[in-house]
Amino acid sequence: MSPGTALLEVTGLDVFYGDFQALFGVSLAVPPGGATALVGANGAGKTTLLRAIAGAQPPAAGSVRYDGDDLTGAPPHRRIARGVALVPEGRKLFPSLTVEENIQVGAAAAAASDWPLDRIYGVFPMLASRRGQRAWSLSGGEQQAVAIARALAASPSLLLLDEISLGLAPRVVGELYQTLAGLREAGATLVIVEQDLRRAMEVCDDLVCLLEGRVALAARVASVSREQVVAAYFGESSVHEPHRPPNPENPTRTPRLQDPDNPTRTPRLQDPDNPTRTPSPQDPENPTRTPSPQDPENPTGTPRPQDPRDQERGP
């Protein structure tokens with residue numbers, strides 16, 4: 001991707017939570033009309049990155065540019081007005097409000113009126129019949145649909161979706177992704193945090209893998225294999241890790257599991273004074289090797305000092 005063609009440009013982003021640094025110099029570029037998958041293990045920084053783009057988590061360093069404008073210091077409501085909307089992990093609905101009231105919350109700072117209620121209900125017909133129903137009473141899939149609909153009510157050109165398939169049945173997830181495909185056809189740009197790597201690679205054009213707050217892999221989906229993504233996911237390869245020449249003693253870089261002095265890795269139990277570990281012969285006076293009873297007058301078994309009168313008496 002050449003400079004100047006991206007709708008969203010994130011450059012050198014550092015983000016902290018107190019003294020804990022969650023992101024280290026993260027950079028990515030998202031083209032207009034595209035879909036970018038953001039993958040990585042739990043705690044890799046995916047949600048933090050989306051929050052920083054949306055303005056919910058201020059960065060300590062770096063920049064966020066959207067459609068050529070610097071939004072690094074802009075508050076969330078200004079970003080919404082510019083066309084950036086976030087569907088947060090866990091939906092974050094107002095449970096006591098109705099479906100329609102939740103959707104209208106998203107329209108309060110809308111960038112335009114491109115997504116009126118009729119159009120939203122056309123995309124999510126299951127919500128049209130539940131528009132007066134309280135959000136708490138909906139199923140998980142219906143609540144997720146309301147969360148996406150609320151974001152659409154802001155008429156975004158960039159939609160940030162955080163773990164939209166989390167905890168949902170496969171059929172519901174498939175329906176949601178069909179809806180996202182329709183949004184792309186309508187011109188929306190998507191950044192999707194997704195744990196299902198297969199689905200992420202099926203529906204997205206670009207992929208960014210985070211590892212411990214750093215970009216481990218950024219590539220076109222068509223140019224990488226699943227194995228390469230999995231390797232980056234688990235830290236077996238990283239753009240931050242220099243190339244290491246093969247070790248002639250271990251060219252495949254397999255972990256050294258064998259001890260050359262103990263190839264079977266059996267525990268060392270030998271006694272150097274008794275290498276064959278043959279049992280000590282039994283004491284004929286104590287064949288069961290039970291401890292000798294304690295002397296009530298000397299329970300610790302310490303030797304008694306001699307009485308000088310015993311020496312004078314002799315044997």
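## Getting started

Two residues are in contact here when heavy atoms of theirs lie within 4.5 Å of each other. With that in hand, welcome to this predicted model. Try the idea on Thr179, a residue of helix α7. Once its neighbours within four places in sequence are left aside, Thr179 is in contact with Val123 and Phe124. Thr179 counts as buried because its relative accessibility is 15%, and the cut-off for buried is under 20%.

## The chain as a whole

The chain has 10 helices and 10 strands. Of its 315 residues, 39% are buried. Its accessible surface comes to about 18400 Å², and carbon and sulfur atoms account for 53% of that area.

How do contacts relate to distance along the sequence? Among contacts between residues at least 6 apart in sequence, 64% join residues that are at least 24 apart.

## The sheet

Let us turn to the strands. An open sheet is formed by 6 strands, and following it across gives the order β6-β7-β8-β3-β9-β10, with mixed pairing. Which strands stand at the edges? They are β6 (84–87) and β10 (214–220); each has a single partner strand, so one side of each is left without a neighbour in the sheet. From one strand to the next, the twist averages 15 degrees.

For a look at one pairing, take strand β7 (residues 158–162) and strand β8 (residues 189–193). These run parallel and are joined by 5 bridges. Within this pair, Leu160 stands opposite Val191 of β8.

## Helices on the sheet

Helix α7 (residues 170–185), the home of Thr179, packs on the sheet and touches β3 (35–39), β7 and β8. The direction of α7 makes about 150 degrees with that of β8.

Helix α9 (residues 226–233) also packs on the sheet, where it touches β3, β9 (206–211) and β10. Here the angle between the directions of α9 and β9 is about 25 degrees.

## A mostly covered helix

Helix α6 covers residues 140–152. From the first C-alpha to the last, its 13 residues reach 19 Å, close to the 18 Å expected at 1.5 Å a residue.

Is α6 mostly covered or mostly open? It is mostly covered, with 12 of its 13 residues buried. Among the buried residues of α6 are Gly141, Glu142, Gln143, Ala147, Ile148 and Leu152. What do the buried residues of α6 pack against? Their partners are the strands β6 and β7 together with the helices α3 (99–106), α4 (117–123), α5 (125–128) and α7.

## Where α3 meets α6

Two packed helices are described by the angle between their axes and the distance between the axes. For α3 and α6, the angle is about 35 degrees and the axes are 6 Å apart. Their crossing is right-handed. From α3, the contact is made by Val99, Asn102, Ile103 and Gly106, while α6 contributes Val146, Ala149 and Arg150.

Gly106, which has its place in helix α3, is worth a visit of its own. Why is Gly106 called buried? Its relative accessible area is 13%, and buried means under 20%. Gly106 and Ala149 are 43 residues apart along the chain, and their C-alpha atoms are separated by 8.3 Å. Leaving aside neighbours within four places in sequence, Gly106 is in contact with Arg150, Ala153 and Ala154.

Methods: Residues numbered from 1 in each chain as written. Predicted model: local features only at pLDDT ≥ 70, side-chain atom pairs only at ≥ 80, totals over all residues. Heavy atoms only, no water. Pairing = 2+ DSSP bridges. Helix = DSSP H or I, 4+ residues; strand = E, 2+ residues; numbered from the N terminus. Axes fitted to C-alpha atoms, helices over the stretch in contact; angles between N-to-C directions. Buried < 20%, exposed > 50% of the residue type's maximum accessible area, 1.4 Å probe, protein only. Areas by Shrake-Rupley, 256 points an atom, 1.4 Å probe, with all protein chains shown as cover. Expected span 1.5 Å × (residues − 1). Left-handed = near helix turned anticlockwise from the far one by under 90°.
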